Structures are given as structure tokens and as C-alpha cells.
Amino acid sequence: MDIIGALQISLAQLVGPSAIFYALLAIGLNLHFGYAGLLNFGQIGFALLGGYGVGITTITYEQPLWLGILVGLAAAGLLALVLGIPTLRLRADYLAIVTIAASEILRLVFRSTATDSVTKSTNGITGFAAPFTNLSPFEGGKSYSFIGIRFLGNDLWAMLVGWTLVLLLCGVVYLLTHSPWGRVLKAVREDEDAARSLGKNVFVYKMQALVLGGVIGGMGGVFNALQTQSINPDFYSTAQTFFAFGALILGGAATVFGPVIGAMLFWFLLSIPDAILRQLISGDDPVLNLTGAQVGATRFVLLGILIAVLMVFRPQGILGNKREVQLNA
């Protein structure tokens, strides 16, 4: 069994584009759940609008890429407003129900043949990322090696841009959460009635957090669209939101770098058993009698068990503070 090869594959996932995408989703969820106590189970819906904002604007309406990025982010922010206005004055579970329903409705609408002229339905949208890849200092099809880990030029460029964006957003989150606005947001999370008694407009603060986190989720959708150079509605399933929640829980909610560390570890811990199990089922005399699909499911089972054990012994996650996750939602 090639342990070194499995480790190299896993290290590539540790810093790869998938980790960046889920880090962006988790940073947005961290503002919602970690700092504001909002249960958003539809973060992937914001990412969908971010990605399709780019694709529809550039391909369907033949506008420049920069405008498509702005449209995608604006659409994500608008969705947050539409969902927040009727739900944020109610209990936390109403927002959870509405967001998960909205994300699934959006996915079904965008994959419907009735919207084919705009969204290309199940065929998806391609051919819009050339202005982004043309800026790359790396050769797109060339393989670059770092300590035995290989990346294509296009992926390396996306990683450079993506990790820069993640670090900038971590800086923004740090400044926001250590400002008076952030302290009020934490007060709202801990006790809404106490915050209201001090004259704070709880609804406005929760709405601001929802919109900001939704726009960051939209950034994740924009990044994924540019990195994969394609958009398909079936990718934006509800499971993606729960993967991002898994990353957030793993790293630690209500921390600046928790979502980032969690997303990196999430994909690293998924890749290690996947690489090892695929070696054990390969060859003429495989050690395990499993199919490739069963291996793909097994890695999620193992990671789920790990997160469940983590919740028992360290519910605050790797970087978190236990008091921060004891929400009275």
C-alpha cells in the first residue's frame, strides 16, 4: 500500500480548490450561525446565484465577466433580503426551513427545461471563464509539482486567487467581530431581549449579518464557477450546505480561522480514507471487496463518525470556545 501517494493526494485536497470553496461557504455560515445565531440551511442557494450570475450575464446576455461577478454577488444579497424580511422576526427554525426550501426551489428552477433559454437547464453553462484564466501567470495545461504534489496551471491560479480572497475575508471578519457592530451581534445571539432593552434594533443586525454572510456564500459560487469553468444546477444540492456546516463545526464556530481550518481538514480527512481504500480494492487480488461507489460512501461514513465523536468530547471544534456554541436559539 502506497501511504506516501495517499498522503500526497490528501495534501493536494488540503489546499486545493474544493477546500477554498467550502471555506468561503463556511465563512458566510460562521457570520450567520457562529456570530448571529442564525440557522441557515440553504447557503448553497447563495452560491448558486453567485455562480449563475456570472454564467447568465456573460453567456446569455454577452456582458463582461466583471459585471457578471457583481450581478452574482448582488443576487445573493437580494436573496438574503427576500428570505430575511419575513423570517427574522420569528423563531430561528423558521429561517432554517425557509432557507433550505429556497435553495432547493432555486436548484429545480434553474435545471428546469422551462428556463433553458436563460440557464441552459441540465446542460449547464460553460465558456465564460476565459477572461479569468487569461490573467493567469501559469500555463493552463502544464503540471506544476511542489514536494511531489501536482497541480495544473489553471488550478494553481485559482488557488492563488482563492486563498488570497479567503485571507482578506478573514481579515474583514476579524475587524467586524471586534468592532461595536460585532459585539452587538454577539449580544443578539446570546439574548435578543437584553439587546432590545438596550435600544438595539435586533432585526436590522440580524438582517445585516444574513446579507453579508449570503454575499460571502455568493463569492464561493463565483469562485467555484471560475475555477471549474462550468456551472451545473445538480452540483448545488442541499448536501453541499451540510458539508460546509461540517467544516464549520470541525474548525470551530465563532472563530475567525475556524471555518478555514475546518474546510481544509474536512477535505483532507475525506481524501485519506478514499485514497487508501481505493488502493485496497485495486489489483487482481483486492484486499477489500468494495465497489468505487461504496468507497465514496464509506469515506463520508468515517468522517461523520469522527465529527460525532468530536461533538461529544469537544463540541466547540478545534479552535472554538465552548461558551460560544451554547446558543439559546
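**Salt bridges and a helix contact in a predicted model**

Glu 104 and Arg 107 both belong to helix H5, which covers residues 92–111, and they stand 3 residues apart, about one turn of the helix. The structure discussed here is a predicted model, and within it these two residues form a salt bridge whose closest N and O atoms are 2.5 Å apart. Side chains of opposite charge can pair when their charged atoms come close. The two partners differ in their surroundings, because Glu 104, at 25% relative accessibility, counts as partly exposed, whereas Arg 107 is buried, with a relative accessible area of 14% that falls under the 20% limit.

Arg 107 also forms a salt bridge with Asp 234, where the closest N and O atoms are 3.5 Å apart. This pair links distant parts of the chain, since Arg 107 lies in helix H5 and Asp 234 in the loop between strand S4 (230–231) and helix H12 (238–251), with their positions 127 residues apart in the numbering. Asp 234 has a relative accessibility of 37% and therefore counts as partly exposed. Taken with Arg 111, the residues Glu 104, Arg 107 and Asp 234 are linked in a network of salt bridges.

A search of the whole structure finds 8 salt bridges, and one of these joins the side chains of Arg 278 and Asp 274, with an N to O distance of 3.1 Å. Both of these residues lie in helix H13 (residues 258–280), where they are 4 residues apart, about one turn of the helix. Here Asp 274 is the buried partner, with a relative accessible area of 14%, while Arg 278, at 36% relative accessibility, counts as partly exposed.

The remaining feature is a contact between two helices. Two packed helices are described by the angle between their axes and the distance between the axes. Helix H2 (residues 17–35) packs with helix H9 (residues 180–190) at an angle of about 55 degrees, and their axes are 9 Å apart. That angle makes H2 oblique to H9, because it lies between the limit of 35 degrees for a roughly parallel pair and the 65 degrees at which the roughly perpendicular range begins. On the H2 side the contact involves Phe 33, Gly 34 and Tyr 35, which meet Leu 185, Lys 186 and Arg 189 in H9. By character, the residues of this contact divide into 3 nonpolar, 1 polar and 2 charged.

Notes: Residues are numbered from 1 along each chain as its sequence is written. This is a predicted model: local features need pLDDT of at least 70, side-chain atom pairs count only at pLDDT 80 or more; totals for chains, interfaces and linings use all residues. Side-chain values use heavy atoms; hydrogens and water are left out. Axes are lines fitted to C-alpha atoms, for helices over the stretch in contact, and angles run from 0 to 180 degrees between N-to-C directions. Helices (H or I, at least four residues) and strands (E, at least two) are DSSP runs, numbered from the N terminus. Angles under 35 degrees count as roughly parallel, over 145 as roughly antiparallel, 65 to 115 as roughly perpendicular and the rest as oblique. Contact means heavy atoms within 4.5 Å. Ala, Val, Leu, Ile, Met, Phe, Trp, Tyr, Cys and Pro count as nonpolar, Asp, Glu, Lys and Arg as charged, and the others, Gly among them, as polar. A salt bridge is a side-chain nitrogen of Lys or Arg within 4 Å of a carboxyl oxygen of Asp or Glu. Buried means under 20% relative accessible area, exposed over 50%, partly exposed in between (1.4 Å probe, protein chains only).
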